[in-house]
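Subject: The structure you asked about

Hi,

Here is the structure for you to open up and turn around. Have a look first, then read my notes below.

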Amino acid sequence: MSTVFVVTAYGGPEGQQLSEREAPAPRAGEIAIEVRAAGVNPADGKRREGAFGTGGRLPLAMGLEASGVVTAVGEGTEGFAVGDAVLGAPARGLGAFAEHTVLTASRSVVKPAEISFADAATLPVAGTTAYDLIHQLGLTAGQAVLVLGAGGGVGHLALQVAAAHGLTVIGVASESKRVLVEATGAAFVPSGAGVAGRVREAAPEGVDLLADLVGGEPLRELAPAATSPAAIVSAADAETAAALGGAGREQSAGALAAVTSLVRDGLVDPHVTESVPLVRAAEALAAVEAGHSRGKTVIIP
Ligand SMILES: NC(=O)c1ccc[n+]([C@@H]2O[C@H](COP(=O)([O-])OP(=O)(O)OC[C@H]3O[C@@H](n4cnc5c(N)ncnc54)[C@H](OP(=O)(O)O)[C@@H]3O)[C@@H](O)[C@H]2O)c1
């Protein structure tokens, strides 16, 4: 048997627990892995709460991004072999907070030896989101980007993806994350009362991309900093972004390979700040759900 962290009832954290199952087998287009690390995302808590629907069959395995070692390859699946180190997105809701799971091969890549399993586990969701946000508008080197929520899992990656692309980068985060943001080479602007004025001082000409990871009122407040409404792109709140004239994050097929290359080449560091054993998965989730993460949290089976 194999341990997995599951949702047994949609709602609060009381509806989640450790459970046992047979290690799942891969179908065509899938690879089975022994999990080495799994990234924790705000979406995990939202999924448990039913924000993405409550029609799914329970128990529902949690976790949306993982790294591990291939134990079996589904029929006709090319590009992977037993024993490969890989990173990717779990198939069929089979979860990542588990000792064993199955990944969708088309949403997985071989892990370069230069990347640790913990760092690799942050790339299928957080890494690709950061990459897509920064590249969605096709900016060129020298243009300016403002990242709102710059000290969180995706935001901190986005600062570095933007710098690697030659953009001028400003990060908005709470004062406690100043060093974290500035270490990426970005200009730091503290969030909170008066933030719009501070951003205006930092970027008097406006920014060519407002990459948002917070949404709601903080996004509305900073919207005028964008040189045009279409320069607003949000991973956190597509509805507010659209109401302002911008858009939500669009997923691109090449993002996983591209962000993996940036990490391999040392241009982007996922900055894993918390590594929590699977038996304490609930604590890891609670910390991320509190909404003020610093870098990434991963679960280690
Ligand atoms: N669409 C997608 O595919 C996709 C994929 C990944 C993530 N997301 C979404 O993107 C968002 C960010 O994800 P994440 O993983 O980076 O989350 P995270 O690690 O929890 O980071 C969120 C950051 O937001 C900041 N924040 C919270 N309230 C704020 C406020 N009022 N003003 C300014 N900053 C504030 C926090 O920093 P401070 O402590 O400094 O305030 C925190 O560092 C979430 O909503 C997530 O669901 C969407």
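Let's start where the two halves of the story meet: eight residues of domain 1 touch nine residues of domain 2. Keep in mind that this is a predicted model. Domain 1 is made of two stretches, 2-122 and 270-300, while domain 2 covers 127-248. If you take the centres of domain 1 and domain 2 over their C-alpha atoms, they sit 28 Å apart.

**The whole protein**

You should be able to count ten helices and 15 strands. The radius of gyration is 19 Å, close to the 19 Å that the globule rule gives for 301 residues, so the protein is as compact as a globular protein of that length. Along its principal axes, the C-alpha atoms fill a box of roughly 60 × 40 × 30 Å.

How much of the protein is buried? Buried residues make up 51% of the 301 residues. The protein exposes about 12,400 Å², and carbon and sulfur atoms supply 52% of that area. As for the contacts with a separation of 6 or more, 65% of them are between residues 24 or more positions apart.

There is also a database note to go with this. UniProt, in an unreviewed entry, lists residues 11-299 as "domain: Enoyl reductase (ER)". That span is 28% helix and 27% strand, and its end C-alpha atoms lie 21 Å apart.

**Two helices to look at**

Try helix α9 (residues 255-264) first. Seven of its ten residues are buried, so α9 is largely enclosed by the rest of the structure. The buried ones are A255, L256, A258, V259, T260, L262 and V263. What do the buried residues of α9 pack against? They pack against β6 (85-90), β7 (100-110), α3 (123-135) and α4. Just after α9 comes G266, with a positive phi of about 80 degrees.

Now move to helix α1 (residues 42-49), where A43, D44, G45, R47 and R48 are buried. The cover over those buried residues includes β1 (2-7), β2 (16-21), β3 (30-39), β4 (60-61) and α10 (281-289). After α1 you reach G50, whose phi is also positive, near 95 degrees.

**Salt bridges**

Side chains of opposite charge can pair when their charged atoms come close. A search of the whole structure turns up eleven salt bridges. Here are some to find on screen.

R48, which you just met in α1, forms a salt bridge with E49, and their closest N and O atoms are 3.7 Å apart. Are these two partners buried or exposed? R48 has a relative accessibility of 1%, so it counts as buried, whereas E49, at 47%, counts as partly exposed. The pairing doesn't end there: R48, E49 and E289 are linked in a network of salt bridges.

Next, go to R178. Which residues does R178 pair with? One partner is E175, with 2.6 Å from N to O. Another is E182, where the closest N and O atoms are 3.3 Å apart. R178 and E182 both lie in helix α5 (residues 178-182), four residues apart, which is about one turn of the helix. An α-helix has 3.6 residues a turn, so residues three or four places apart point the same way. E175 is partly exposed, with a relative accessible area of 44%. R178 is partly exposed at 29%, and E182 is partly exposed at 37%.

**One residue in a loop**

Last stop: L167, in the loop between α4 (153-164) and β9 (168-173). Is L167 buried or exposed? Its relative accessibility is 7%, which is under the 20% cut-off, so L167 counts as buried. Its contacts give you a good list to click through. Leaving aside neighbours within four places in sequence, L167 is in contact with I134, L139, T140, A141, G142, Q143, V145 and A162. Take A141 from that list: L167 and A141 are 26 residues apart in sequence and 5.0 Å apart in space, C-alpha to C-alpha.

Happy exploring!

Notes: Residues numbered from 1 in each chain as written. Predicted model: local features only at pLDDT ≥ 70, side-chain atom pairs only at ≥ 80, totals over all residues. Heavy atoms only, no water. Salt bridge = Lys/Arg side-chain N within 4 Å of Asp/Glu carboxyl O. Buried < 20%, exposed > 50% of the residue type's maximum accessible area, 1.4 Å probe, protein only. Helix = DSSP H or I, 4+ residues; strand = E, 2+ residues; numbered from the N terminus. UniProt positions renumbered as here; feature names shortened; annotations may be inferred. Rg over C-alpha atoms; globule rule 2.2 N^0.38 Å. Contact = heavy atoms within 4.5 Å. Areas by Shrake-Rupley, 256 points an atom, 1.4 Å probe, with all protein chains shown as cover. Domains from an automatic or database assignment.
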